[in-house]
Amino acid sequence: MPLAYYTSEEHFSHFTDEDHPEHAMRIMAIEQELKSQGIWEQLIHANGRSADMPDILRAHSKGYVEQLHLIQPKHGHIYVDEDTAMSPGSLNAALWSAGSCTAALDDLAKGEQSRAFVATRPPGHHAEHRKAMGFCFFNNVAISALRAADVHHFQRIALLDFDAHQGNGTIDILGNDQRFLICSSFQHPFYPYTHYEQSKFDNLINVPLESGTGSATFRAMIEEHWLPALKSYAPELIIVSAGFDGHRDDPMAELNLLESDYDWLGRMIDGIAAARNTPVLSILEGGYDLNALGRSVAAYLTGLQSD
């Protein structure tokens, strides 16, 4: 069954400063590379939707959501933290970003496809229950995971995050919730400098990586720490925070991963999923060198369809 690709042109309504690393060209670079490699025409293409508020409120407090609406500017930009720019269309884009993820989830739950990749922005894994940060307003992964558990009744949901920056928001929202197993690899010490003490969370498998970590060490660490936990857990659904800023060309981190490592990740996840016919929802997070981002996503999707 072909992989489904979800996106929405609503992401263009989220404007950031010209020198901000999280901008609309990221999605365009991915799509251009998929087309140049002949992958684009092999995908099932689906449009997203705006998120329903009950889905948002499973992951975020009502007061936080109301605050975001109150501070949204009518023109120009504001910064909700030192990194997270908000323009007049940012909340609309964030709602469509989250809604595109839940749309993909619903189709996976119905068996309409077994693999889906959501390429939208703003990203989500740094957004906490009551806090926007790290370019993120709503936590797309947590929103999707909670809908999967509460609406579709998945009982064992594995969350895999290989972004170079740890998904602190996902841990803040879902940490110690036994319906979820969170596997996280990230550069350490590094932004956001939180939630790296694994002992505080009994559903968290952390893989901290030193600056300069390359392919061999990265793969060995994933195989040593993630794979046994995943095989024991036997997930019914896998949701991936797919961040590609660990690439050696990326300006936002200091890891030395290559396109081949993202192909390897895709194949590893596909292998785990294929053993039990487990659906896989992958959601774009980081990746800020446009060329490296496009090539890395293409490699990951190629690996994810390896069966």
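Student: What makes strand E6 and strand E9 count as paired?

Tutor: Five bridges join E6 (residues 157–161) to E9 (residues 237–242), and the two run parallel. Strands pair if DSSP finds at least two bridges between them, so five is enough. Within that pairing, Ile157 stands opposite Leu237 in E9. Keep in mind that this is a predicted model: local features need pLDDT of at least 70, side-chain atom pairs count only at pLDDT 80 or more, and totals for chains, interfaces and linings use all residues. Residues are numbered from 1 along each chain as its sequence is written, and side-chain values use heavy atoms, with hydrogens and water left out.

Student: Why do E2 and E8 stand at the edges of the sheet?

Tutor: The eight strands form an open sheet, ordered E2-E1-E5-E10-E9-E6-E7-E8, with parallel pairing. Strand E2 (44–47) and strand E8 (204–209) each have a single partner strand, so one side of each is left without a neighbour in the sheet. From one strand to the next, the twist averages 15°.

Student: Why is H1 called oblique to H9?

Tutor: Helix H1 (residues 25–36) and helix H9 (residues 290–304) pack at about 55°, with their axes 8 Å apart. Angles under 35 degrees count as roughly parallel, over 145 as roughly antiparallel, 65 to 115 as roughly perpendicular and the rest as oblique. An angle of about 55° falls in the rest, so the two are oblique. On the H1 side the contact (heavy atoms within 4.5 Å) is made by residues including Met25, Ile30 and Leu34, and on the H9 side by residues including Leu290, Val297 and Leu301.

Student: And what makes H8 roughly parallel to H9?

Tutor: H8 and H9 pack at about 30°, with their axes 7 Å apart. That angle is under the 35-degree limit, so H8 is roughly parallel to H9. Among the residues that meet are Tyr262 and Ile269 in H8, and Ala299 and Tyr300 in H9.

Student: How do you know that Phe162 and Tyr262 form a tilted pair?

Tutor: Their rings are 6.0 Å centre to centre, with 45° between the planes. Rings of Phe, Tyr and Trp (its six-membered ring) pair if their centres lie within 6.5 Å; planes under 30 degrees apart count as stacked, over 60 as edge-to-face and the rest as tilted. Both values fit, so "tilted" it is. Phe162 lies in the loop between E6 and helix H6 (168–174) and Tyr262 in helix H8, so the pair ties together parts that are 100 residues apart in sequence.

Note on methods:
Axes are lines fitted to C-alpha atoms, for helices over the stretch in contact, and angles run from 0 to 180 degrees between N-to-C directions. Helices (H or I, at least four residues) and strands (E, at least two) are DSSP runs, numbered from the N terminus.
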